[in-house]
Amino acid sequence: MSTPKLDLIFDVDGVLVYPAMRFRDYLNNTHGISPEMTAPFFHGRFRDCVTGRSDLRNELEVNLTRWGWPGTAETFIETWMHVDSTPDPTLLELVGSLRRQGFKCHVASVQERNRANYLRDIVGFKYAFDETFFSCDVGAAKPDPAFYQAVQQRLGKLPNQLMLIDDSPACIEAARRMGWQTFHYQQPTDQAHMIAAIAEFERR
């Protein structure tokens, strides 16, 4: 086959890792730490962690006692990585097939450094994908245009040669404004539709 036109760029939570936010349910069901209790942190100081401006362990220290977590920041992070970083095997298999067909496949996700390293090195995304782009390394998080610009510059592609596969409408819309191709992924049954969308673009 001819060299594919598109580079495919996959989000993590809600796409590669599905269903997303299992750790949130684990905290609530196992430790009685509800989403309402943790929301101020994850919508506040955690934002500095995902852009690499702050360290997650330091930020957690002031919250764990208040939440009633029975261990340390280290055990919180270790548990989070274990519970919430299992990729969808069918989608990973599909990514492998796409790469064998010549497609470049990348990861682009909003992650703080501990989980980024875990996904890259322990889960093995550095082997399963051509490039990994995490917000903590880029210094900006989707849907900030700076994130997309950094990815595009690194890959050296024109905007319409990039396809973002993401579950977030805001991230999809931001990519479209950048001129990227997009596919709004909402559940694993969307994989066949995703392949059809890729094939349709390749025929143009």
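1. Crossing of H6 and H12. In this predicted model, helix H6 and helix H12 cross in a right-handed sense. H6 covers residues 89-100 and H12 covers residues 191-203; their axes lie 12 Å apart and make an angle of about 20°. Because angles under 35 degrees count as roughly parallel, H6 is described as roughly parallel to H12. On the H6 side, the contact is formed by Thr90, Leu91, Leu94 and Leu98, and on the H12 side by Gln191, Met194 and Ile195. Sorted by class, the residues of this contact are five nonpolar and two polar, with no charged residue.

2. Crossing of H5 and H7. A second pair consists of helix H5 (residues 73-83) and helix H7 (residues 113-123), whose axes come within 10 Å and cross at roughly 40°. H5 and H7 are therefore oblique to each other, and the crossing in which H5 passes H7 is right-handed. From H5, the residues Ile77, Trp80, Met81 and His82 meet Asn114, Arg115 and Tyr118 of H7. This contact of H5 with H7 contains four nonpolar, two polar and one charged residues.

3. Crossing of H1 and H5. Helix H5 also packs with H1: the axes of H1 and H5 come within 9 Å, at a crossing angle of roughly 125°. H1 and H5 are therefore oblique to each other, and H1 passes H5 in a right-handed crossing. The residues Arg22, Phe23, Tyr26 and Leu27 of H1 meet Phe76, Thr79, Trp80 and Val83 of H5. By class, the contact of H1 with H5 comprises six nonpolar residues, one polar and one charged. The reader may wish to locate Trp80 in the structure, since this residue of H5 is listed in the contact with H7 and also in the contact with H1.

4. The largest pocket. The volume of the largest pocket is about 890 Å³. Its lining is made of 28 residues, and those nearest the centre of the pocket are Asp13, Met21, Phe42, Phe46 and Arg47. Three helices each supply at least two lining residues: H1 (22-31), H2 (35-42) and H3 (46-50). H2 gives the largest share, four residues. The lining of the largest pocket is mixed in class, with 13 nonpolar, five polar and 10 charged residues.

5. The loop between S1 and H1. Two local features of the backbone deserve attention here. Most residues other than glycine have a negative phi, and most peptide bonds are trans. In contrast, the peptide bond that joins Tyr18 and Pro19 is cis, with omega of about 0°. Pro19 is placed in the loop between strand S1 (7-10) and H1. Met21 is found in the loop between S1 and H1 as well, and has a positive phi, near 60°, although this residue is not glycine. Met21 is also one of the residues that lie nearest the centre of the largest pocket.

6. The loop between H9 and H10. Where is Pro143 placed? Pro143 lies in the loop between helix H9 (135-138) and helix H10 (145-155). The peptide bond from Lys142 to Pro143 is cis, and omega is near 5°.

Terms used
Residues are numbered from 1 along each chain as its sequence is written. This is a predicted model: local features need pLDDT of at least 70, side-chain atom pairs count only at pLDDT 80 or more; totals for chains, interfaces and linings use all residues. Side-chain values use heavy atoms; hydrogens and water are left out. On a 1 Å grid over the protein atoms alone, a cavity is a set of points where a 1.4 Å probe fits but cannot get out, and a pocket is an open set with protein on both sides within 12 Å along at least five of seven lines; lining residues have an atom within 4 Å of a point. Grid points are joined across faces, edges and corners, and a volume is the space filled by probe spheres set on the points. Ala, Val, Leu, Ile, Met, Phe, Trp, Tyr, Cys and Pro count as nonpolar, Asp, Glu, Lys and Arg as charged, and the others, Gly among them, as polar. Axes are lines fitted to C-alpha atoms, for helices over the stretch in contact, and angles run from 0 to 180 degrees between N-to-C directions. Angles under 35 degrees count as roughly parallel, over 145 as roughly antiparallel, 65 to 115 as roughly perpendicular and the rest as oblique. A crossing is left-handed if the near helix is turned anticlockwise from the far one by less than a right angle, and right-handed if clockwise. Contact means heavy atoms within 4.5 Å.
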